[in-house]
Amino acid sequence: MNTLNILAIEINSINRNNGWSVITPDGWNEDYKIPTLLALIHSEVSEALEAFRHNDEANFEEELADILIRVLDCAGGLCIDIDKAVREKIDTNRGREYKHGGKRI
């Protein structure tokens, strides 16, 4: 089942219906669209960090959802098979050695 791809399509549809800008594959060739989306994802991560700092579990959960929604919106708009990409990355990570990278944290 391609659950992430289905969610990406649903998110794109909701965003279009609400009049929000949705990236398309052509956006890959425009200098500002991908960086703008990445900045929006980053802002959601920062909001999750602030929720954690304030010990606000409910808001933290909501911000994690916002992060995922932004990522899926980007993947869906760019026609990325995000289910496949995530599964391949999980397989890569499964094969990594213990504490891959050797960094303390």
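**Charge pairs, a negative patch and unpaired cysteines in a four-helix model**

Glu61 counts as exposed, with a relative accessibility of 60% (exposed means over 50% relative accessible area, buried under 20%, and partly exposed in between, with a 1.4 Å probe and protein chains only). The structure is a predicted model, in which local features need pLDDT of at least 70 and side-chain atom pairs count only at pLDDT 80 or more, while totals for chains, interfaces and linings use all residues. Residues are numbered from 1 along each chain as its sequence is written, and side-chain values use heavy atoms, with hydrogens and water left out.

Glu61 lies in helix H3 and belongs to a negative surface patch together with Asp56, Glu57 and Glu62. Patches consist of residues with over 30% relative accessible area and no salt bridge, with like charges joined within 9 Å and nonpolar side chains (Val, Leu, Ile, Met, Phe, Trp, Tyr) within 5 Å. Lys and Arg count as positive and Asp and Glu as negative, leaving out His and the chain ends; each charge is placed at NZ of Lys, CZ of Arg, CG of Asp or CD of Glu. The areas themselves come from the Shrake-Rupley method with a 1.4 Å probe, and for residues only the protein chains shown count as cover.

The wider setting of this patch is a helical one. The protein has four helices and zero strands (DSSP runs numbered from the N terminus: H or I of at least four residues for helices, E of at least two for strands), and along the sequence it reads as α-α-α-α. The C-alpha trace spans about 45 × 35 × 30 Å along its principal axes. Of the 105 residues in the protein, 23% are buried.

Turning to charge pairs, six salt bridges are counted, each a side-chain nitrogen of Lys or Arg within 4 Å of a carboxyl oxygen of Asp or Glu. One of them joins Glu44 to Arg70, with 3.6 Å between the closest N and O atoms. This pair links distant parts of the chain, 26 residues apart: Glu44 sits in helix H2 (residues 33-53) and Arg70 in helix H3 (residues 57-77). Glu44 is buried, at a relative accessible area of 8%, whereas Arg70 is partly exposed at 27%.

Two further salt bridges are each found inside one helix. In helix H2, the side chains of Glu50 and Arg53 meet at 2.6 Å, N to O. The two residues are three apart in the sequence, so about one helical turn separates them. Glu50 is partly exposed, with 32% relative accessibility, and Arg53 is exposed, with 56%. In helix H4 (residues 82-94), Arg87 and Asp83 lie four residues apart, about one turn of the helix, and their closest N and O atoms are 3.8 Å apart in a salt bridge. Here the acidic partner Asp83 is buried, at 4% relative accessibility, while Arg87 is partly exposed, with a relative accessible area of 46%.

What does a search for disulfides find across the whole structure? The count is zero, a disulfide being a pair of cysteine sulfur atoms within 2.5 Å. The sulfur of Cys74 has its closest cysteine sulfur in Cys79, and no bond is possible because the two are 11 Å apart, too far for one. Cys79 is likewise in no disulfide. The two cysteines fall into separate accessibility classes: Cys74 is buried, with a relative accessible area of 11%, and Cys79 is exposed, at 60% relative accessibility.
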